[in-house]
Amino acid sequence: YSEVHHIKPLGSPYNGPDKLYNMICVCPNHHVLLDLGAIPLSMNILFSLKHTINEEFLIFYMETIFDKKCNN
């Protein structure tokens with residue numbers, strides 16, 4: 001089965017939107033890794049999606065979620 005990952009997380013402190021342009025469909029294992037900031041995201045990875053991802057949220061993920069994990 002698959003799960004929806006919000007690129008900019010919902011709720012405090014990030015308050016990302018619950019909108020399609022902030023979501024990708026992933027397997028449960030990758031969902032956990034993305035939540036932990038353990039894997040990067042880029043437009044190159046997401047080019048084959050059938051919907052548009054807001055680039056602002058990818059930048060946010062890479063600078064806030066992924067970068068935080070890499071710098072700890």
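The paragraphs below lead through this structure, from its overall layout to a few of its residues.

The model is a predicted one, and the confidence of the prediction is therefore a sensible place to begin, since pLDDT is the predictor's confidence in each residue, from 0 to 100. Across the protein chain the pLDDT averages 87, and 86% of the residues score at least 70. Among the elements of the chain, strand β1, made of residues 3–6, has the highest mean pLDDT, at 96, whereas helix α2, made of residues 43–46, has the lowest, at 70.

The protein chain has three helices and two strands, and if you follow these elements from the N terminus on, they run in the order β-β-α-α-α. Of the 72 residues in the chain, 29% count as buried. When the contacts with a separation of 6 or more are taken together, 51% of them are accounted for by residues 24 or more positions apart.

With this layout in mind, we can turn to the interior. Which residues make up the largest nonpolar core? This core has 12 residues, namely Ile-7, Ile-24, Val-26, Leu-34, Leu-41, Ile-53, Phe-57, Leu-58, Phe-60, Tyr-61, Ile-65 and Phe-66. The elements that give two or more residues to the core are β2 and α3, and the largest share, six residues, comes from α3. One member of the core that can be looked at by itself is Ile-24, which is found in strand β2 and is buried because its relative accessible area is 5%, under the limit of 20%. Its C-alpha atom is separated by 10.0 Å from that of Ser-2, a residue that lies 22 residues away along the chain.

Two other members of the core, Phe-57 and Phe-60, lead us to the aromatic rings. A pair of aromatic rings is described by the distance of the centres and the angle of the planes. The structure holds two aromatic pairs. In one of them, Tyr-14 and Phe-60 meet edge-to-face, with 5.3 Å from centre to centre and 75 degrees between the planes; the angle is over 60 degrees, and therefore the pair is given this name. The pair links distant parts of the chain, because Tyr-14 lies in the loop between β1 and β2 while Phe-60 lies in helix α3 (residues 55–70), 46 residues apart. Tyr-14 is partly exposed, with a relative accessible area of 23%, whereas Phe-60, at 18%, counts as buried.

In the other pair, Tyr-21 and Phe-57 are stacked, with 5.9 Å from centre to centre and 10 degrees between the planes. Tyr-21 lies in the loop between β1 and β2 and Phe-57 in helix α3, so this pair ties together parts that are 36 residues apart in sequence. Here Tyr-21 counts as partly exposed at 36% relative accessibility, while Phe-57 counts as buried at 6%. The ring of Phe-60 has a further partner, since Lys-8 lies over its face, at 4.9 Å from the ring centre.

From the rings we can move to two histidines in strand β1, beginning with His-5. Is His-5 buried or exposed? At 2% relative accessibility, His-5 counts as buried. Its side chain is joined to the side chain of Asp-35 by a polar contact of 3.3 Å. Not counting residues up to four places away in sequence, His-5 touches Asn-22, Met-23, Ile-24, Val-26, His-31, Leu-34, Asp-35 and Tyr-61.

His-6 also has its place in strand β1, and it is buried, with a relative accessible area of 16%. What does the side chain of His-6 make a polar contact with? The partner is the side chain of Asp-18, at 2.8 Å. Leaving aside its neighbours within four places in sequence, His-6 is in contact with Pro-17, Asp-18, Asn-22 and Met-23.

The last residue to consider is Asp-67, which has its place in helix α3 and counts as partly exposed, at 34% relative accessibility. Apart from residues up to four places away in sequence, Asp-67 touches Tyr-61 and Met-62. Asp-67 and Ile-39 are 28 residues apart in sequence, and their C-alpha atoms are 10.0 Å apart in space.

Technical notes:
Residues are numbered from 1 along each chain as its sequence is written. This is a predicted model: local features need pLDDT of at least 70, side-chain atom pairs count only at pLDDT 80 or more; totals for chains, interfaces and linings use all residues. Side-chain values use heavy atoms; hydrogens and water are left out. Helices (H or I, at least four residues) and strands (E, at least two) are DSSP runs, numbered from the N terminus. Rings of Phe, Tyr and Trp (its six-membered ring) pair if their centres lie within 6.5 Å; planes under 30 degrees apart count as stacked, over 60 as edge-to-face and the rest as tilted. Buried means under 20% relative accessible area, exposed over 50%, partly exposed in between (1.4 Å probe, protein chains only). A charge sits over a ring if NZ of Lys or CZ of Arg is within 6 Å of the ring centre and within 35 degrees of the ring normal. A nonpolar core is a set of buried Ala, Val, Leu, Ile, Met, Phe, Trp, Tyr and Cys residues joined through side-chain atoms within 4.5 Å. A polar contact is a pair of N or O atoms within 3.5 Å; within protein, one must be able to donate a hydrogen and the other to accept it, and residues adjacent in sequence count only if both atoms are side-chain atoms. Contact means heavy atoms within 4.5 Å.
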